[in-house]
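The exercises below are meant to be worked through with the structure open beside the text. Each one sets a task and is followed by a solution that goes step by step.

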Amino acid sequence: MSEVQAPTPVERADADGTSIRRFLIRPEAPALAFLAALLIVFSVSSDKFLNVSNLESILTSVSVLGIIALAVNQVILTGEIDISTGSMLGLCAVGAGAVATSFGGLALPLLAGIAVGALVGAINGLLVTVGRIPSIIVTLGMLYALRGVILLVTGGSWITGIPPETRVLGTGSVLGISFPMIILLILFLVMELVSRHSTWGRNVFAVGGNRRAARFAGLPIDRVRFLAFVLVGVFVGVASVIYMGRAGSVQTNTGTGLELQVVAAVVIGGTSISGGRGSSLAALTGAVLIGVILNGLVLLGVPGIWQQAVLGALILLAVSTDILRRRLLGDKA
Amino acid sequence: MSAATAVFRRLKFSREVVLLGVLIVLMIAMGLLSPLFFTVGNLLNTSRYFVEVGLMALGMTLIIITGGIDLSVGSNLGLVSVAIGFSFAGGLPLPLAILFGLVVGVAAGFFNSVFITFLDLHPLVVTLGTFALFQGMAYGLSNAEAISNFPEWFAYFGQAYVGPIPGQLFIFVVAVAVVWIILSRTRFGRYVYAIGNNEEAARFSGVPVRKVKIALYSGIGLLVAIASVIYTSRVSTARGDTGLGLELDVISAVVLGGASIYGGSGTIGGTVLGVIIIATLRNGLLLAGVPSTWQLFVLGVLLLVAVFLNEFFRRREE
Amino acid sequence: MGKEPGRGMEQPTNTSGTAASTEATPVFQLEGVTKRFGGVVAVRDVSFDLLPGEVHALVGENGAGKSTLMKVVDGLYAPDEGTVAVGGEVVEFSSPRDAEAAGIAMIPQELDLFPELSVAENLFVGRKRPRTRWGGLDWDSMRAEARERLAALGVELNVTSAVKHLSTANQQIVAIARALVGEARAVLMDEPTSALTDREARQLFRIISDLTSHGVGVVYISHRLEEIFQISDRITVLRDGRHITTSPASELDAEELVRLMVGRPLNELFTRTTSTPGEVALEVRGLTRAGEFNDVDLVVKRGEIVGLAGLVGAGRTELAQSIFGIRRPESGEVLVDGEAVKIRTPQAAMERGIFYVPEERRSQGLILPFSIKNNITLSILDRISRLGFVPHSERQTADKFAKELSIRGAKITDPVGRLSGGNQQKVVVAKSLAREPSILLLDEPTRGIDVGAKSEIYRLIDTLAKEGKAILLISSELEEVLSMSDRIVVMREGHVSGEFERDGATQERVMTAATGGREWAAPGGNGREEAGDE
C-alpha cells in the first residue's frame with residue numbers, strides 16, 4: 001500500500017521546531033524584536049539612553065499606562081474591549097484625592113481609589129454580560145458619563161494639597177528603585193502567575209479564543225468577562241494613586257486620552273484585538289515600547305511637537321511587523 | 001410589557017421612529033427648561049455646531065455598517081486644518097490651500113485603507129495608530145502654533161447665513177442627500193451592506209471588497225476635510241488640536257442612530273437623528289443654564305440607554 | 001497495526017458479558033423523542049438506545065435527524081416530547097456539561113477545540129485541573145496526563161504545541177481524548193472520518209475498538225456504508241426524522257440499507273440526457289498550491305459535466321476556489337476558451353464567464369439577512385446598474401430566476417434566512433444563473449438538502465449542460481457523480497488520482513482512486529445535516 005504522503009502521527013510542525021520558530025510563535029515576539037531594535041538604535045545614537053537611571057525613569061513614566069494595560073489586556077483577551085479607562089482613572093483619582101485631603105494616610109485613599117474603580121468596572125461588566133451591550137459601546141458611554149461625574153463631583157475645580165504620605169506611591173523609592181516601577185513589575189508578575197496558574201486566567205484565553213467551544217465546555221463565560229472588567233477597575237484604582245502621587249494634584253482632565261494609549265500598548269505588544277491570543281508580557285512590552293519611543297525621541301532631540309507623530313508611525317510599524325511574522329511562519333490567509 | 005411589545009410590533013417598530021420620539025420628548029423638555037430654546041434663531045444656530053460632527057458621522061455610518069471603525073477622524077480634521085492654514089500662511093492662495101486640505105484629508109483616509117485592506121489589519125488597530133500619527137503631524141507641522149489671519153471671504157464656509165439659515169447647513173443637507181442616495185439606491189450601497197453582513201459571501205459573490213473599503217475610508221477622509229474647512233472657517237483659526245476627541249462624538253451619533261457596531265445594519269436617517277439629538281442635548285442644556293459638566297454625563301447615559309433599547313428590541317424581534 | 005478492527009474484534013467482548021446482550025442496561029436510552037424547530041419537526045417519536053461496549057451506527061440521509069437526535073442526548077437540545085434515560089434513570093440535561101457529568105461525550109463534526117491553546121490544555125479546559133502543592137496549576141502533570149491519554153489512543157503528539165498547528169486528523173484525536181477525560185461511558189461521533197485519510201481512519205477504528213473493549217458504548221454517525229458494516233454491531237436507520245429500523249449489522253446488507261435510508265429507488269432522482277461535448281471551455285495545467293493541491297491538469301468542454309470526486313480534504317474545493325480567484329495558485333495556468341488567463345479576484349473570474357457555487361452555503365453562498373431578491377442580484381449589480389444605480393427592473397430579474405428555480409416558502413423581498421435549506425440552495429444557484437456564466441463550478445450543490453430540491457437541481461444542471469455550459473461538479477456523493485457526469489476526475493491528497501469516462505466509471509473504481517485502495521460505497525452522501533437549525 002502506498003502511504004508515502006500520509007502524515008506521521010507526530011506533527012511535522014514540531015519537526016522544524018527551531019528556537020527561532022518557537023520565539024516567533026509567541027504573541028509578543030514582534031514587539032520584543034522591535035523593542036530590541038529600538039534599544040540598539042537609541043543606545044548607539046544617544047549615550048544618555050543606556051544607563052540605569054534613564055531606563056528606570058522610562059519604566060516609572062509608563063507605570064500608570066502599563067498597570068492599566070495589564071488589566072485591559074485581560075479584557076481584550078476575552079474578546080471584549082474597555083475604552084473607559086481614561087475617565088475611570090480621573091474618577092478614581094478624584095475619589096482617592098478627596099479621601100486623601102480629608103483623612104490623609106495611604107491605605108484609605110488607595111482603598112477609595114480601588115473601590116471606585118471596582119464599582120465602575122463592575123458596572124461595565126454587568127452592562128456587557130447581563131445587559132448584552134457590545135463592550136465598545138458600554139465603555140464609550142462610560143467614558144463620557146464618568147467624565148461628567150468627575151466634573152460634577154469636583155465642580156470643575158482641582159483637588160490640591162494631597163498629603164505627602166499619600167503621594168509616596170508616586171514619589172517614593174526603595175533601594176533607589178521607584179515605587180511606581182516596583183508596583184508595575186509586581187503586578188506584571190502577578191498577572192503572569194494568574195494567567196498561567198489560575199483557572200480564571202486560563203479561562204480568559206479559552207473564552208476569547210473560541211466562545212462557542214467555551215460555552216460547550218461549560219465555562220462561566222459571563223463571570224470570566226465580568227471579572228476582567230472589575231480587574232480593570234481595581235488596577236485603574238491602584239494606578240490612580242500613583243498618578244496622584246506623581247502629579248501632586250487631581251485635575252478634572254486627568255487621564256484624558258489615556259484609554260486609546262492603553263489599547264495601543266496592549267495591541268502593539270502583540271495581544272490580538274479579537275481575543276484569545278496574547279500575554280501579560282505583551283501588554284508590558286507594549287507599554288514599555290511606548291515609553292522607550294517617547295524617551296528616545298527626547299534624547300535624540302526630536303522636538304516635542306513631533307513626538308506624537310513619530311509615536312503614531314511606530315505604532316503602525318509595530319503592528320505591521322505581525323504580517324512579517326505570519327510570512328515567516330508560512331501562515332496562509 | 002407584553003402589551004407594549006405588541007403595540008410596537010403593530011407599529012412595525014423601527015429604530016428611526018423611536019429616535020424621533022426621543023428627539024421630540026427631548027425638545028419638549030428643552031423647551032420647558034428654557035423659553036429661548038424654541039426660537040427659530042436658536043434652533044438654526046444649533047445646527048451650526050452639528051454640521052461638522054454630522055458630516056463625519058455620515059461617512060462613519062457606512063464604515064460601521066461594513067463592520068469597521070475609524071478612530072482617526074478627529075486627528076485627521078486637525079491635520080487638514082493645519083494643512084490649509086499653513087499652506088496658506090506659506091504663500092499658497094487660499095483656494096488652492098483649501099484644495100490642498102481636501103487632498104490631505106482624502107490621502108489620510110486612503111492611508112488608513114491601505115493598512116486595512118492590503119495588510120489585513122483590524123481597522124480599530126490601524127486607526128488607533130493613525131489617530132496618534134495624524135494628530136502628531138498636525139502638531140508638528142503647525143509647530144504648535146495657530147494661524148488666524150485668513151481673508152474675510154474664508155468666513156463664508158462656517159459663518160455665513162442665508163437669511164436666518166447658517167450656510168453650512170446647506171452643505172450638510174446636500175451631503176446627507178448624497179450619502180443617503182449612495183447607501184440606499186446604488187450598487188455601492190448594496191455592497192456596503194453585503195460586506196457588513198457577510199464579508200466572505202460578499203467576496204464569493206464578486207463584490208470588490210477591497211475597492212469598497214478603500215473608497216469608504218478615503219471617502220470619510222473627504223468628509224472630514226470638508227468638515228475641517230467649515231470648522232476652521234467657523235473658528236477662524238487653524239490649529240493642530242482642532243477636532244481633538246471629535247471621533248467619539250461621531251461614533252456616538254452613529255451608534256445612537258441605530259447602527260450596529262458589529263456591522264450589517266444602520267441607516268443615514270438614524271444617524272442624522274443621532275447627530276441632531278446630541279446637538280439638541282448639548283445646546284438645550286447649555287441654554288437651560290445646566291452646567292456643561294452635566295452634558296457629558298447625560299450624553300454618556302443617553303448613549304447607553306439608546307443602545308440598550310436597541311439591543312433589547314433587536315432581540316425581541318428575533 | 002497488527003489486528004484489523006471489525007466485528008470479529010468485538011466478539012470476545014460480547015462473550016465477556018460486559019457488552020451487547022439483551023439484559024445489559026443501556027448506557028442511555030431515548031423513548032419517543034420528538035424535537036421541533038418552529039413548525040418543522042426534525043425528529044419525530046424516535047426511540048434509541050446504546051448498550052455498553054457496542055458500536056451503534058446511526059444512518060440516514062442528510063436532514064434525516066441524526067445530528068439533532070444526538071444533540072438531544074448531549075443536552076444541547078431539550079426534547080419537546082419523550083425522555084432521555086441514563087443508566088435506567090430519566091434525566092433532563094440542560095447543557096452538554098450535564099451530559100458529560102452523566103458520562104456522555106459528543107465529538108461534533110465541527111471540533112470545539114481552542115486553536116490557540118496547547119494540546120494538553122485543550123484536554124483540561126472547563127475541567128478540574130491538577131494543582132501543585134503551592135496552589136498553582138500543575139502543568140507538568142497536565143502534560144504528563146495528556147501524553148498518557150494520547151498514548152492510550154495510540155498517538156504521540158507534542159502536547160505543548162498549539163492545536164491550530166495540528167492536522168485535522170490529529171485535532172480529531174485531541175477532541176476524542178478531550179471527550180474521554182471525563183471518563184465517558186458513551187461517545188457520540190458525528191461523521192468522524194469525513195476529513196480523514198484512509199490510514200487515519202483506520203487509526204480511528206482501532207481507537208473505537210479499544211474503547212468498546214473497555215465497555216464504552218459508541219454511537220457512530222457516518223455516510224460511509226462500508227465503514228459502518230466494518231465496525232458496528234447494530235444499525236439504526238432514520239428517515240425524515242422518523243425511526244425506520246434498528247437491527248444487528250449482520251442482518252443487513254448495503255443494498256438493503258440504502259433502500260431503508262432513501263425509501264425509494266435511487267435512479268429516479270437523477271436527470272441526465274447525454275450530449276456531445278463541444279470545444280474546450282476551461283483548461284487547467286499543472287495548477288499547484290502547496291499543501292492544498294499539486295500539479296493538477298483538468299479539462300472541461302462546453303456542454304460537458306465533469307464530476308470531480310474524492311474525499312473531503314482532497315483539495316477539490318481549494319482547486320475550484322483557485323480557478324475562481326479566491327485563492328492564488330502558486331504555479332500552473334488556467335485557460336479559458338484556449339486563452340491563458342490570470343484570475344486574481346472573483347470579479348475577474350466572472351468577467352471570464354466563470355462562476356463558483358460554494359459548498360458553504362450559509363457562510364459563503366448567501367447573505368442571510370438580505371432578501372431573496374438582493375441575494376440573487378448581488379453578483380450582477382455591475383451588469384444591471386446604470387451609472388451605479390440599482391434599477392427597479394432588478395425586481396423582475398430576480399423574479400424571473402426565482403421562478404425558474406421554483407423557490408418556495410417566502411416572498412422575494414423576505415430575508416433568505418427564512419427559507420428552508422433546499423430553497424436557500426436554490427437561491428444560491430439562481431444567483432449563479434443570473435450571472436449567465438459559460439463555466440460553472442458547482443461545489444457540493446446538493447449537500448444537506450431534501451430529495452425534492454435535489455432532483456430539481458439535477459434537472460437544472462442537465463438543462464445547463466444541454467445549453468452548452470461547461471460544468472465542473474464537485475461532489476462527495478458517489479451516486480451523484482456517477483449519475484450526472486460525462487467524465488469523472490478523482491482527486492486524492494491534492495493530486496489527480498484517476499480519470500474515468502462515463503461508461504468506464506464504477507463506484508469501486510472511483511473509490512479506489514479516491515482512497516488509494518480502500519473501497520466503500522457512499523450512496524447517502526457526505527454532507528452535514530442541517531435539520532432545521534434555524
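**Exercise 1. Two helices of chain C**

Within what distance do the axes of helix α15 and helix α16 of chain C come, and at roughly what angle do they cross? Describe the contact as well.

Solution. Keep in mind throughout that this is a predicted model. Begin with the two elements: helix α15 covers residues 394-404 of chain C and helix α16 covers residues 421-434 of chain C, and their axes come within 9 Å and cross at roughly 120°. Because angles of 65 to 115 degrees count as roughly perpendicular and those over 145 as roughly antiparallel, the crossing makes α15(C) oblique to α16(C). The handedness of this crossing is right-handed. Next, look at the residues that meet: Thr397(C), Phe401(C) and Ala402(C) come from α15(C), while Ala430(C), Leu433(C) and Ala434(C) come from α16(C). Sorted by class, the residues of this contact are 5 nonpolar and 1 polar, with no charged residue.

**Exercise 2. The sheet of 6 strands**

Give the strand order of the open sheet of 6 strands in chain C, and explain why one side of β16(C) and of β20(C) is left without a neighbour in the sheet.

Solution. Reading across the sheet, the order is β16-β17-β18-β13-β19-β20 in chain C, and the pairing is mixed. The strands at the edges are β16 (354-357) and β20 (495-501) of chain C; each has a single partner strand, so one side of each has no neighbour in the sheet. Between neighbouring strands the turn is 20° on average, with direction ignored. Now follow one edge inward: β16(C) is joined by 4 bridges to strand β17 (residues 439-443) of chain C, and the two run parallel. Within this pair, Tyr356(C) stands opposite Leu441(C) of β17(C).

**Exercise 3. An antiparallel sheet and the helix across it**

Find the order of the open sheet of 4 strands in chain C, then locate the helix that lies across β11, β12 and β14 of chain C.

Solution. The order is β12-β11-β14-β15 in chain C, with antiparallel pairing. Its edge strands, each pairing on one side only, are β12 (293-301) and β15 (339-341) of chain C, and from one strand to the next the twist averages 20°. Inside the sheet, strand β11 (residues 280-289) of chain C and strand β14 (residues 331-336) of chain C run antiparallel and are joined by 5 bridges; Glu283(C) has Leu335(C) in β14(C) as its bridge partner. The helix sought is α10 (residues 316-323) of chain C, which runs at about 115° to β11(C).

**Exercise 4. A strand with two described partners**

Trace the pairing of β4(C) with β1(C) and with β5(C).

Solution. Strand β1 (residues 28-37) of chain C pairs with strand β4 (residues 81-86) of chain C in the antiparallel sense, over 5 bridges, and Leu30(C) has Val84(C) in β4(C) as its bridge partner. With strand β5 (residues 89-91) of chain C, β4(C) also pairs in the antiparallel sense, here over 3 bridges, and Ala85(C) stands opposite Val90(C) of β5(C). Finally, look at the turn: β4(C) and β5(C) form a hairpin with 2 residues between them, and Gly87(C) in that turn has a positive phi of about 55°.

**Exercise 5. How confident is the predictor?**

Which element of chain C has the lowest confidence, and which the highest?

Solution. Start from the chain as a whole: chain C averages a pLDDT of 83, and 89% of its residues score at least 70. Confidence is lowest in helix α1 (residues 7-16) of chain C, with a mean of 38, and highest in β16(C), at 96. Then turn to the stretches with weak scores: residues 1-21 of chain C stay under 50, and the model has 34 contacts for them beyond four places in sequence. Residues 518-534 of chain C are also below 50, with 61 contacts in the model beyond near neighbours in sequence. For the complex, the predictor gives an ipTM of 0.84 and a pTM of 0.82.

Methods: Residues are numbered from 1 along each chain as its sequence is written. Chains are lettered from A and ligands numbered from 1 in the order in which they are written. This is a predicted model: local features need pLDDT of at least 70, side-chain atom pairs count only at pLDDT 80 or more; totals for chains, interfaces and linings use all residues. Two strands pair if DSSP finds at least two bridges between them. Axes are lines fitted to C-alpha atoms, for helices over the stretch in contact, and angles run from 0 to 180 degrees between N-to-C directions. Two residues are in contact if their C-beta atoms, placed from the backbone, lie within 7 Å. Angles under 35 degrees count as roughly parallel, over 145 as roughly antiparallel, 65 to 115 as roughly perpendicular and the rest as oblique. A crossing is left-handed if the near helix is turned anticlockwise from the far one by less than a right angle, and right-handed if clockwise. Ala, Val, Leu, Ile, Met, Phe, Trp, Tyr, Cys and Pro count as nonpolar, Asp, Glu, Lys and Arg as charged, and the others, Gly among them, as polar. pLDDT is the predictor's confidence in each residue, from 0 to 100.
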